[in-house]
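Dear colleague,

Please find below the structure I agreed to pass on to you, together with its sequence. My notes on what was found in it follow directly after.

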Amino acid sequence: MERTPALKPLLLLDLDGVLRSWPPTPPHIAEVAFEPSLLRRAVTGQITDEQWRDEIARQVPRAEVEAWAGTGEVITEALALVRLARRRCFVALLSNATTRLEDDLAVLGLDTEFDAVLNSARLGLAKPDPALYRRVLDELGYPTGVFCDDSEENAVAATAAGLDGVHVPDTAALRKALAVRGLVPATVLLILPDRDDAEELATELLEAGWGPCAVHRDMLAGEDDAEDVDWVVELTTAPDGLPASAHRPELDEVAERHDGFTGDH
């Protein structure tokens with residue numbers, strides 16, 4: 001794998017539970033498919049994805065196995081964060097997966113969303129094995145980086161291996177993790193159609209502890225076309241001291257109440 005000069009921070013992201021969601025697995029399938037020994041063979045590449053499903057189909061009707069084994073769905077809010085993070089980070093996917101991971105990414109439209117894809121089935125090691133994290137750092141040419149996983153065990157193991165491991169059980173936790181580490185922009189823009197509304201809202205937010213609450217004009221067309229002027233309230237710090245971007249959903253609701261929307265600086 002080509003080494004990447006460590007000019008940008010390294011961000012490693014888990015896939016399932018962070019960027020991809022699945023419907024609940026029927027218990028009778030989960031009991032077979034996720035049996036620890038069988039699952040480990042699948043996610044360390046000792047058997048292919050097809051062989052894993054064949055093993056499951058020995059105990060579960062194959063039609064049920066095929067109906068269960070879809071590709072899941074992309075968590076769109078999390079993907080938006082990935083795209084923001086790539087502006088300033090080298091973003092790599094690190095997933096415990098079978099040999100079909102790359103095909104799944106293509107089907108989901110995620111195959112171009114990362115700077116590198118690290119599949120446990122290709123590496124022969126799986127999380128939470130510390131050797132996996134050390135190998136990934138060595139292959140990417142980084143001494144450390146931030147690693148986000150919905151499994152607390154995997155995040156703790158990553159920290160022990162020299163990474164900044166972060167447990168992110170949901171997208172809100174992922175957003176906060178990236179914001180407080182400066183991996184996504186801190187500033188959020190509230191974009192409103194009316195100047196008076198923007199100035200009044202800026203005053204309210206400033207009094208509530210947001211900052212800097214600066215208001216400026218955003219000309220979307222020619223300067224003589226007043227209908228195409230938006231008014232922007234710039235927020236960088238939240239009342240709790242966190243970056244404003246850590247509270248993006250709350251700010252989305254504020255903007256919508258004033259017939260506006262949010263944007264990135």
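The sulfur of C89 finds its closest cysteine sulfur in C148, at 9.9 Å, which is too far for a bond. Seen from the other side, C148 likewise has C89 as the residue with the closest cysteine sulfur, and 9.9 Å is again too far. With a disulfide requiring sulfur atoms within 2.5 Å, the structure holds zero disulfides. Both cysteines are shielded: C89 is buried with a relative accessible area of 1%, and C148 is buried at 0% relative accessibility.

Please bear in mind throughout that this is a predicted model. The average pLDDT of the chain is 93, and 94% of the residues score at least 70. Residues 221–226 call for caution, as the pLDDT there is below 50. Beyond near neighbours in sequence, that stretch has two contacts in the model.

Strand β6 and its neighbours

C148 belongs to strand β6, which spans residues 146–149. Which residues of this strand point which way? V146 and C148 point to one side, while F147 and D149 point to the other, and all of them are buried. In general, side chains in a regular strand alternate between the two faces of the sheet.

Strand β6 pairs with β1 in the parallel sense, over three bridges. In that pairing, L12 stands opposite F147 of β6. Strand β6 also runs parallel to strand β7 (residues 164–167), to which four bridges join it. Here C148 stands opposite V166 of β7. Between β6 and β7 the chain passes through helix α9 (residues 152–160), and the resulting β-α-β crossover is right-handed.

Helix α5

Helix α5 covers residues 76–85, and its buried residues are A78, L79, L81, V82, L84 and A85. Against what do the buried residues of α5 pack? Their partners include the strands β1 (10–13), β3 (73–74), β4 (90–95) and β11 (261–264). Helix α10 (171–180) is also among the elements they pack against. Strand β1 thus appears in two settings, as a packing partner of α5 and as a parallel neighbour of β6.

Salt bridges

The structure holds 19 salt bridges. Side chains of opposite charge can pair when their charged atoms come close. Three of the pairs are described here.

The side chains of D104 and R20 meet in a salt bridge with an N to O distance of 3.1 Å. D104 lies in helix α6 (residues 101–108) and R20 in strand β2 (residues 20–21), so this pair ties together parts that are 84 residues apart in sequence. Are the two partners buried or exposed? D104 is buried, at 7% relative accessibility, and R20 is buried as well, at 5%.

R248 and D264 form a further salt bridge, in which the closest N and O atoms are 2.8 Å apart. This pair also links distant parts of the chain, with R248 in helix α12 and D264 in strand β11, 16 residues apart. Helix α12 itself runs over residues 248–257. R248 counts as buried, at 15% relative accessibility, whereas D264 counts as partly exposed, at 29%. Leaving aside residues up to four places away in sequence, R248 touches R175, V188, T262, G263 and D264. Strand β11, where D264 lies, is also one of the elements against which the buried residues of α5 pack.

The pair of E66 and R62 lies within a single helix, α4 (residues 62–68). The closest N and O atoms of this salt bridge are 3.9 Å apart, where the limit for a salt bridge is 4 Å. E66 and R62 are four residues apart, so about one helical turn separates them. Both are partly exposed, E66 with a relative accessible area of 40% and R62 with one of 41%. Salt bridges that share partners join these two residues with D49, R53 and D54 into one network.

With kind regards

Note on methods. Residues numbered from 1 in each chain as written. Predicted model: local features only at pLDDT ≥ 70, side-chain atom pairs only at ≥ 80, totals over all residues. Heavy atoms only, no water. Buried < 20%, exposed > 50% of the residue type's maximum accessible area, 1.4 Å probe, protein only. Contact = heavy atoms within 4.5 Å. pLDDT = per-residue confidence, 0-100. Pairing = 2+ DSSP bridges. Right-handed = clockwise from strand over helix to strand, strands pointing away.
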